[in-house]
Amino acid sequence: MSQEKSVSFLKLFGRLFRILWINDKRYTIVSVLLCAAGGFATAANTPVKQYFFEAVENLSSNNHINLVISLGIFWGIFTLITLLIQGMSDLVMEDLGVRLGGFLGRDVNRKAANLAPVCYEDNKILDSMNQAYKGVEQSKEIIQIFMMLAAFYIPYFMFFSVYLYRIHPVLSVGIVLVLLPTLGGQYIRTRYYTGLENRVAPVRRKMEYYQACIADRENGKETRLLGAVFFFRELYKVSALMFQKESWKTERKSSLVELGLRLLSLLVYVMILGLMYQYLIRGNLGIAAFAAILTSIDQMFNYMDYVGYYIGDISTYISAVTNTMAFMELPERKGTSVELSHYDIEFHHVFFFYPGSKKPVLQDVTLSISEGETIAVVGENGAGKSTLAKLLLGLYLPEEGEVLLGGWNTKEISPDSVFQKASGVFQNFQRYKMTLRENISISETDCGQEELKLNQIVKEVNLEEKSEGLPKGIESMLAREFGGSDISGGQWQRVAIGRGLYREHEMIVLDEPTAAIDPLEESRIYLQFASLSKGKTSVIITHRIGSARLADKIIVMDHGTIAGVGSHEELLENNMVYRTMFEAQAQWYQ
Ligand SMILES: Nc1ncnc2c1ncn2[C@@H]1O[C@H](COP(=O)(O)OP(=O)(O)O)[C@@H](O)[C@H]1O
Ligand SMILES: [Mg+2]
């Protein structure tokens with residue numbers, strides 16, 4: 001998603017500035033004022049110096065030694081104050097950038113959380129989210145550069161130009177003449193580097209990947225076992241060489257251009273000096289002003305370099321932050337807030353497609369589940385069970401047809417209303433790198449009275465104290481990175497189920513978190529789960545018949561359609577899909 005041209009720099013800055021403004025008006029005003037004061041004071045240093053020099057110049061004729069001393073002291077104090085303001089404004093700029101990053105990051109997080117969950121299946125949106133987060137990091141640079149340009153350099157150059165203009169108009173024209181090659185040079189440099197970046201980005205991604213294959217915690221083990229370290233090292237070497245060659249080419253070209261333009265600047269600089277010298281000889285320019293300008297001109301050229309550098313640099317940041325802004329424009333899932341009074345679920349002729357795919361994953365699905373029922377959904381891998389689960393929970397919305405939760409259309413009510421009493425445990429559940437307590441109570445971490453419930457659930461899912469890997473009971477940290485220990489896959493499954501049960505719910509969906517364990521163990525866990533969630537609507541998803549038998553009602557899925565609904569016996573009797581599955585799996589349960 002690159003819409004680089006659609007947002008102008010000023011508009012982008014306006015939006016970033018507004019974010020700062022909304023979050024802290026006073027601080028924003030203070031930083032702008034500080035910055036501007038720095039610019040004016042720095043430029044004003046030259047006339048102050050000039051007055052001092054003039055007093056010294058006139059000393060021989062008028063003997064005003066006191067004036068010289070006072071002006072000298074004033075100049076000293078003024079310089080000191082200027083330095084202080086500059087230091088303070090540097091500090092504030094740095095902080096402003098960090099603050100903006102924080103605010104913007106928060107906004108992007110909120111946006112990401114408010115997108116429809118199905119967006120996470122859309123690679124384009126995932127990419128855009130990635131880029132949005134990169135843009136957050138770079139927003140700091142943009143705001144700093146812009147604040148410096150707008151609030152420091154513009155006041156500085158304005159003041160300085162007026163000062164020079166009043167001394168001699170040609171001098172202020174000279175400034176522009178020096179500025180042009182500097183800016184041009186920076187512009188060309190940036191173009192070169194953007195080009196380089198585009199060429200080497202794929203190489204860099206490969207290098208990062210090869211490195212991960214060698215050194216990653218997960219990949220590293222397998223790579224070493226296979227003796228493939230050398231293989232990846234060679235690949236890395238080739239890519240690194242290519243990377244270096246491309247960089248060198250660009251570096252060389254850009255350095256040459258820069259050198260040429262610098263020489264041009266130098267030429268103009270020498271011309272200005274010559275001009276000033278001539279004015280001095282002719283008496284158009286006093287010696288004090290000459291000295292004041294001469295001692296300030298270096299600083300001015302330095303500042304011009306910075307400005308050129310900033311302007312050159314900013315285009316890369318702009319494209320990154322533009323991506324962030326584009327992401328912030330994505331539509332959010334909204335709807336009216338309602339209180340669900342019951343949890344009957346109905347599907348009416350539901351069709352569902354994944355983003356970017358033309359093939360429906362659910363086709364004309366119609367079904368109903370009453371509150372309190374235990375339902376099993378069975379079907380081969382790829383039949384559409386997990387997708388059905390996500391529509392049941394209201395995570396995904398149907399493309400055609402409707403899903404009613406407690407009588408409400410999931411498309412019309414807010415996500416919070418949809419999720420208020422739902423819980424779920426998914427196939428690829430999260431393994432939070434946190435304590436067992438946090439892993440289970442993450443849905444409601446702040447209610448102290450829930451201790452009893454927590455302990456009860458830990459007991460029910462067999463994660464009681466002193467089990468292996470849980471040396472500190474529920475306070476055990478479940479991540480080696482953070483000083484804890486790893487637990488086994490089976491224990492993680494129990495943690496995930498515990499988490500699902502802990503959340504206040506009227507409906508819970510269990511989508512094969514047990515896929516990695518053997519069928520008998522799965523049946524055992526599902527049986528236990530069914531008894532724990534008695535009275536609540538529970539949907540158990542499995543491709544194993546043995547686990548389905550305990551349900552009040554079994555829904556058979558096949559290629560995205562409902563192939564049958566009934567009890568185990570009824571389906572065995574008259575459903576081909578079910579019977580075929582049953583016969584194929586019979587040996588698992590003997
Ligand atoms: N994110 C996705 N994007 C596109 N197609 C998907 C995605 N997830 C699943 N599918 C497809 O949808 C079909 C049903 O998947 P799923 O609901 O996970 O089945 P099950 O849970 O029964 O194994 C499969 O053909 C799968 O390839
Ligand atoms: Mg599945």
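**Figure 1. Two cavities of 30 Å³ or more are counted in this predicted model.** The largest cavity holds about 70 Å³ of space. The second largest has a volume of about 40 Å³.

**Figure 2. Close-up of the largest cavity, with a volume of about 70 Å³.** The residues lining this cavity are Glu460, Val461, Arg494, Ile497, Ile525, Gln528, Phe529 and Leu532. By class, the lining consists of five nonpolar residues, one polar residue and two charged residues.

**Figure 3. Helices 13 and 14 at the largest cavity.** Helix 13 spans residues 489–502 and helix 14 spans residues 519–532, and each contributes at least two residues to the lining. Helix 14 supplies the largest share, with four residues.

**Figure 4. Close-up of the second largest cavity, with a volume of about 40 Å³.** Its lining is made up of Leu164, Leu171, Ile175, Ile272, Met276, Ile293, Ile297 and Met300. Eight lining residues are nonpolar, with no polar and no charged residues among them.

**Figure 5. Helices 5, 7 and 8 at the second largest cavity.** Helix 5 covers residues 169–215, helix 7 covers 229–282 and helix 8 covers 287–328. At least two lining residues come from each of these helices. The largest share of the lining, three residues, belongs to helix 8.

Terms used: Residues numbered from 1 in each chain as written. Chains lettered and ligands numbered in written order. Predicted model: local features only at pLDDT ≥ 70, side-chain atom pairs only at ≥ 80, totals over all residues. Heavy atoms only, no water. 1 Å grid on protein atoms, 1.4 Å probe; cavity = no way out; pocket = protein on both sides within 12 Å on 5 of 7 lines; lining within 4 Å. Points joined across faces, edges and corners; volume = space filled by probe spheres on them. Nonpolar A, V, L, I, M, F, W, Y, C, P; charged D, E, K, R; others polar.
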